[in-house]
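Here's a walk through one protein model, starting with its pockets and ending with its salt bridges. Keep the structure open beside you as you read.

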Amino acid sequence: MEIRLEQPVDAASVRRVHETAFGRQGEVVAALVNDLRQLVTTVTGVSLVAVKDGEVVGHVLFTPGLLDAPRALVSIQVLCPLAVLPAFQGQGVGSALVSNGLMMMAERSVPLVFLEGDPRYYSRFGFRAGSDLGFRRPSLRIPKPSFQAADLASHESWMTGTLVYADAFWRHDLVGIREADH
């Protein structure tokens, strides 16, 4: 398996990965990915794909966000979304994507990475409950255990506060869980 930067030619395959992996929400997640790609530059964010036998089988996106800390706004990254084709789940594809992305974020001196996800899965990468680290969720609809953060080497103790998502998350209403989603 190869982990590499997403190329423009991968867009349709990445869309298929998200549509397949996220089921009924797949189209909305794929649309979010299209909007979030605009925030990824050579210095902010990263879009990685996992390729097996020439086929894109997984994708992860790290995009810029802000931490509204008492001292100053802090540029951080948000890991969202992560998707792997169902036939390739449980084979380390997602782990390889997350690990590579976090390594790139650390190399770029990103202090914090946030996400909404399953603590049982993401704790292996150093993610912990955001509230335990002094962070506030951008929405009360995000279940407390799902709101997670990983503090990287350049994190400083004063960097606490409220996560501010990029507008695209709000436009697609992909923050937390709506009552109808239960």
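A pocket, as used here, is found on a 1 Å grid over the protein atoms alone: it is an open set of points where a 1.4 Å probe fits, with protein on both sides within 12 Å along at least five of seven lines, and its lining residues have an atom within 4 Å of a point. Grid points are joined across faces, edges and corners, and a volume is the space filled by probe spheres set on the points.

This is a predicted model, in which local features need pLDDT of at least 70 and side-chain atom pairs count only at pLDDT 80 or more, while totals for chains, interfaces and linings use all residues. Residues are numbered from 1 along each chain as its sequence is written, and side-chain values use heavy atoms, with hydrogens and water left out.

## Pockets

The second largest pocket comes to about 250 Å³. It has 13 lining residues, and the ones closest to its centre are Leu5, Glu6, Gln7, Val40 and Ser47. Sorted by class, that lining holds five nonpolar, five polar and three charged residues. For these classes, Ala, Val, Leu, Ile, Met, Phe, Trp, Tyr, Cys and Pro are nonpolar, Asp, Glu, Lys and Arg are charged, and the others, Gly among them, are polar.

The largest pocket has a volume of about 940 Å³. Forty residues line this one, written as 40 in the count, and Phe22, Gln25, Leu82, Glu116 and Gly117 sit closest to its centre. Which elements give two or more residues to the lining of the largest pocket? They are helix H2 (26–36), strand E4 (73–84), helix H3 (93–107), strand E5 (112–116) and helix H4 (119–122). Helices here are DSSP runs of H or I with at least four residues, strands are runs of E with at least two, and both are numbered from the N terminus. E4 supplies the largest share of the lining of the largest pocket, at seven residues. The class split for the largest pocket is 22 nonpolar, ten polar and eight charged.

## Inside and outside

Next, burial. Buried means under 20% relative accessible area, exposed means over 50%, and partly exposed is in between, using a 1.4 Å probe and protein chains only.

Val14 belongs to helix H1 (residues 11–21). Is Val14 buried or partly exposed? Val14 is buried, because its relative accessible area is 1%. Its C-alpha atom is 8.9 Å from that of Ala83, with their positions 69 residues apart along the chain. Ala11 is also placed in helix H1, but Ala11 counts as partly exposed at 28% relative accessibility. The C-alpha atoms of Ala11 and Arg128 are 31 Å apart, for a pair 117 residues apart along the chain.

Over in helix H2 you'll find Ala30. Ala30 is buried, with a relative accessible area of 2%. From Ala30 to Arg124, 94 residues apart along the chain, the C-alpha separation is 26 Å.

On the surface, Leu66, Leu73 and Val164 make a nonpolar patch of about 240 Å². Patch members have over 30% relative accessible area and no salt bridge; like charges are joined within 9 Å and nonpolar side chains (Val, Leu, Ile, Met, Phe, Trp, Tyr) within 5 Å. Areas come from the Shrake-Rupley method with a 1.4 Å probe, and for residues only the protein chains shown count as cover. Leu66 is part of strand E3 (residues 55–68) and is partly exposed, at 32% relative accessible area.

## Salt bridges

A salt bridge here is a side-chain nitrogen of Lys or Arg within 4 Å of a carboxyl oxygen of Asp or Glu. The whole structure has eight salt bridges, including these:

| Pair | N to O distance |
|---|---|
| Glu19 and Arg15 | 3.0 Å |
| Arg16 and Glu55 | 3.2 Å |
| Asp151 and Arg128 | 3.3 Å |Asp151 lies in strand E8 (residues 147–151) and Arg128 in strand E6 (residues 128–129), so this pair ties together parts 23 residues apart in sequence. Both partners are partly exposed: Asp151 at 33% relative accessibility and Arg128 at 42%.

Glu19 and Arg15 are about one helical turn apart, because they are four residues apart in helix H1. Glu19 is partly exposed at 31% relative accessibility, and Arg15 is partly exposed at 31%. Arg16 and Glu55, by contrast, link distant parts of the chain, with Arg16 in helix H1 and Glu55 in strand E3, 39 residues apart. Arg16 counts as partly exposed at 34% relative accessibility, and Glu55 is partly exposed at 31%.
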